[in-house]
Amino acid sequence: MSAGAIARIWAVIIVCAASIGAAAAAPATAIFPFEIYDTSGEAPQPDLAARLAMASRVLSEVLEKTGRYTPVDLGPFGAEIAASGPRYQCSSCFLPIARRAGAAFAVVGVFHKVSTLISSIDIWIFDVASGNYVAHLSGQIRGDTPEGYEHGVRFLVRNRLAEEIGGDGPQPK
């Protein structure tokens, strides 16, 4: 084998190792469960809690797949999280929980149901150290359905996250 071939092989190995290290270095992120802000005046649908839980799982999965975030387990903080709501109105009541969970970022999301036909989604990403938000993703969905919720979350992360934060994503301070 020639020296040039060996050099190319080593270059490939170094690039692969660097990309693996970069993926492993994604900052710990506390992804809080979605909440609902319902101003529709309609009775809540019986599957609302399951739909919000599904949307929260989807958000966690798609954020992790960007390679920019590593979700932390918030299970041990379940009672505190339940008591902290509504997070979309509490200023920064969730940040102490995110800090105790060891997160560099905190993600808070809310669905605002205006009617059965129209809802909006807001997702905020906060730098836990400073308390400032580094990204705000917002959009509307049509239909108060699981499919609408899932599609809306996937769309915002896929299409709005890069616009909001740029190519490398937010960096904790």
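This dialogue goes through the pocket, the cavity, a buried arginine and the disulfide of a predicted model.

Reader: How does one look for empty space in a structure, and how much space lies in the largest pocket?

Author: Rolling a probe the size of a water molecule over the atoms shows where empty space is left. In this predicted model, the largest pocket holds about 150 Å³ of space.

Reader: Which residues line the largest pocket, and which element supplies the largest share of that lining?

Author: The lining consists of Thr29, Ile31, Phe32, Pro33, Ala53, Ser56, Arg57, Ser60, Pro71, Val72 and Leu74. Strand E1 (28-31) and helix H2 (48-65) each supply at least two of these residues, and the largest share, four residues, comes from H2. Sorted by class, the lining of this pocket has seven nonpolar, three polar and one charged residues.

Reader: How many cavities of 30 Å³ or more does the structure hold, and what lines the largest cavity?

Author: The structure holds one cavity of 30 Å³ or more, and the volume of the largest cavity is about 40 Å³. Its lining is made up of Ile36, Asp38, Pro44, Gln45, Leu48, Arg51, Lys113, Asp144 and Tyr149. Strand E2 (35-38) and H2 each give at least two residues to the lining of this cavity, which by class has four nonpolar, one polar and four charged residues.

Reader: Turning to single residues, is Arg87 buried or exposed, and where is Arg87 found?

Author: Burial is judged from relative accessible area, and buried means under 20%. Arg87 has a relative accessibility of 5%, and therefore counts as buried. Arg87 is found in the loop between helix H3 (78-83) and helix H4 (95-100).

Reader: Which residues is Arg87 in contact with, leaving aside its neighbours within four places in sequence?

Author: With those neighbours set aside, Arg87 is in contact with Phe32, Pro33, Glu35, Ile81, Cys93, Phe94 and Val108. Of these contacts, Phe32 and Pro33 also appear in the lining of the largest pocket, while Cys93 takes part in a disulfide.

Reader: How many disulfides does a search of the whole structure find, and what is the handedness of the disulfide of Cys90 and Cys93?

Author: The search finds one disulfide, which joins Cys90 to Cys93 with an S to S distance of 1.9 Å. Handedness is read from the torsion about the S-S bond, which here is about -80 degrees, so the disulfide is left-handed. As for accessibility, Cys90 counts as partly exposed because its relative accessibility is 23%, and Cys93, with a relative accessible area of 28%, is partly exposed as well.

Notes
Residues numbered from 1 in each chain as written. Predicted model: local features only at pLDDT ≥ 70, side-chain atom pairs only at ≥ 80, totals over all residues. Heavy atoms only, no water. 1 Å grid on protein atoms, 1.4 Å probe; cavity = no way out; pocket = protein on both sides within 12 Å on 5 of 7 lines; lining within 4 Å. Points joined across faces, edges and corners; volume = space filled by probe spheres on them. Nonpolar A, V, L, I, M, F, W, Y, C, P; charged D, E, K, R; others polar. Buried < 20%, exposed > 50% of the residue type's maximum accessible area, 1.4 Å probe, protein only. Contact = heavy atoms within 4.5 Å. Disulfide = S-S within 2.5 Å.
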